[in-house]
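Visitor: Please take a close look at the pairing of charged side chains. Then set that part in the context of the whole chain.

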Amino acid sequence: MRPFYVLAPILAFSLSLAQSPTLPDGYHAEVVVTGLRGPTQMTLGPDGRLWAAQLAGGENSGNGQVVAVDLATGEQTVLARDLFKPTGLAVTETDLWVMAGNRLLRAPLTEVGDGKAVVGKIEVVLRDLPNNGRSLGTLTLTPDGGLLYETSGVLTQNGPQRGSGVLWQLEPGSSTPEPLATGLKGAYAHTFDADGALYTTEIGDDPVDGSPPLDELNVVEAGADYGWPRCYGRQRPARNTGGTVQVCAETQAPLALFARNATPTSVAVSPFSEDALFVALWVSSQVVEVDAETGVVTPFLTNLTLPQHLLADGDTLLVSSFARG
């Protein structure tokens, strides 16, 4: 089995799988989707189906897809194929957006017969985006219909590569993105809460004074500098890249810190509490709960290999396993 899990606050926990996620008392997990191949980001499509991007092969095979899954029947339909490393997915009423490798793609949506959306011809909106050779993470729709994406930080002999380490915003109808925040090594995943506050994870994989930095969860303020590459953690200077106490004091401190190489690939507002966020820690193979006020981190879901993406839906939380599809 290769499952997605749905979590809900129910009075018992049971799951008939060889690997069962471990949850706090009062929560229940059940499998709702199986058979995906390296799923990355998922969203609810305009036709009521669950849409998911997936690698469908090796990381660099170029076999990536976007599939639509009928949650009632399990039927899967391929909407787009032959994509290179699709890690970001967003859907509006008119368009499908995909972050694939170092390119941002868009395709129009149409409806046929039974009301299921069909994806038209894909076009490249932005190309040759700065990246670290792995991924440019997920896509997030803004409350006004814009699009957020990141360009992962790239260090050169002369310092950061131009345009890298930035969280960008693309306004509706525009083809020219604007920087929203800088100094983010890998702002892989983002989400808005009900009040419009924006949160982003940060994967920090550049060695800092000989060791990888702690990964982060940040509250995003427009125009703020989050420190990379000269500062890390709670405004600590990275001596190997020229950081100083004075420079780092002007940067934005994170809301929460995670273990080195934990790799936070998703963040979602908790459907169970107004004041909490959930973060998927890929390498750590757990989902943690973060207090939105204090930044206190508490383990929530464990024993799930490579949790990739989180999607709050009503009073449930969908959790995908990259390793098990």
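**Charged pairs and their surroundings**

Guide: The count is six salt bridges. The rule asks for a side-chain nitrogen of Lys or Arg within 4 Å of a carboxyl oxygen of Asp or Glu. The model is predicted, so local features need pLDDT of at least 70 and side-chain atom pairs need 80 or more, while totals for chains, interfaces and linings use all residues. Numbering starts from 1 along each chain as its sequence is written, and side-chain values rest on heavy atoms, with hydrogens and water left out.

Side chains of opposite charge can pair when their charged atoms come close. Start with Arg134 and Glu59. Their side chains form a salt bridge at 2.8 Å, N to O. Arg134 sits in the loop between strand 11 (123-126) and strand 12 (140-141), and Glu59 in the loop between strand 4 (50-54) and strand 5 (64-69), so the pair ties together parts 75 residues apart in sequence. Strands here are DSSP runs of E with at least two residues; helices are runs of H or I with at least four; both are numbered from the N terminus. Glu59 has a relative accessible area of 30%, so Glu59 is partly exposed. That class lies between buried (under 20%) and exposed (over 50%), using a 1.4 Å probe and protein chains only.

Next come Glu75 and Lys116. Their salt bridge is 3.6 Å, N to O. Glu75 belongs to the loop between strand 5 and strand 6 (76-83), while Lys116 is in strand 10 (residues 116-119), so this pair ties together parts 41 residues apart in sequence. Both ends are partly exposed: Glu75 at 43% relative accessibility, Lys116 at 22%.

Arg106 and Glu123 make another salt bridge, at 2.7 Å, N to O. Arg106 is in strand 9 (residues 103-112) and Glu123 in strand 11, so distant parts of the chain are linked, 17 residues apart. Arg106 is partly exposed at 26% relative accessibility. Glu123 is partly exposed too, at 37%. Through shared partners, salt bridges also join Glu59, Lys85 and Arg134 into one network.

Now the sheet around those loops. Strands 3, 4, 5 and 6 form an open sheet in the order 3-4-5-6, with antiparallel pairing. Strand 3 (39-44) and strand 6 are the edges; each has a single partner strand, so one side of each is left without a neighbour in the sheet. The twist averages 15° from one strand to the next. Angles run from 0 to 180 degrees between N-to-C directions, with axes fitted to C-alpha atoms, for helices over the stretch in contact. Pairing requires at least two DSSP bridges between two strands. Strand 4 and strand 5 run antiparallel and share five bridges. Trp51 has Ala68 of strand 5 as its bridge partner.

A second four-stranded open sheet runs in the order 24-25-26-27, again antiparallel. Its edges are strand 24 (264-269) and strand 27 (297-302), each pairing on one side only. Neighbouring strands are turned by 25° on average, direction ignored. Five bridges connect strand 26 (residues 286-291) with the antiparallel strand 27. Glu289 stands opposite Thr298 of strand 27.

For a buried site, turn to Thr151 in strand 13 (residues 147-151). Thr151 has a relative accessible area of 1%, so Thr151 counts as buried. Its side chain reaches the backbone oxygen of Gly163 at 2.7 Å. That is a polar contact (N or O atoms within 3.5 Å; within protein, one able to donate a hydrogen and the other to accept it; residues adjacent in sequence count only if both atoms are side-chain atoms). Leaving aside residues up to four places away in sequence, the residues Thr151 touches include Leu129, Pro130, Leu136, Trp168 and Leu184. Contact means heavy atoms within 4.5 Å.

Last, the whole chain. The chain has one helix and 29 strands. Of its 325 residues, 53% count as buried. Among contacts with a separation of 6 or more, 46% join residues 24 or more positions apart. The C-alpha atoms fill a box of roughly 60 × 45 × 35 Å along the principal axes. The radius of gyration is 19 Å, which agrees with the value near 20 Å for a compact globule of 325 residues. That radius is taken over C-alpha atoms, and the globule rule is 2.2 Å times the number of residues to the power 0.38.
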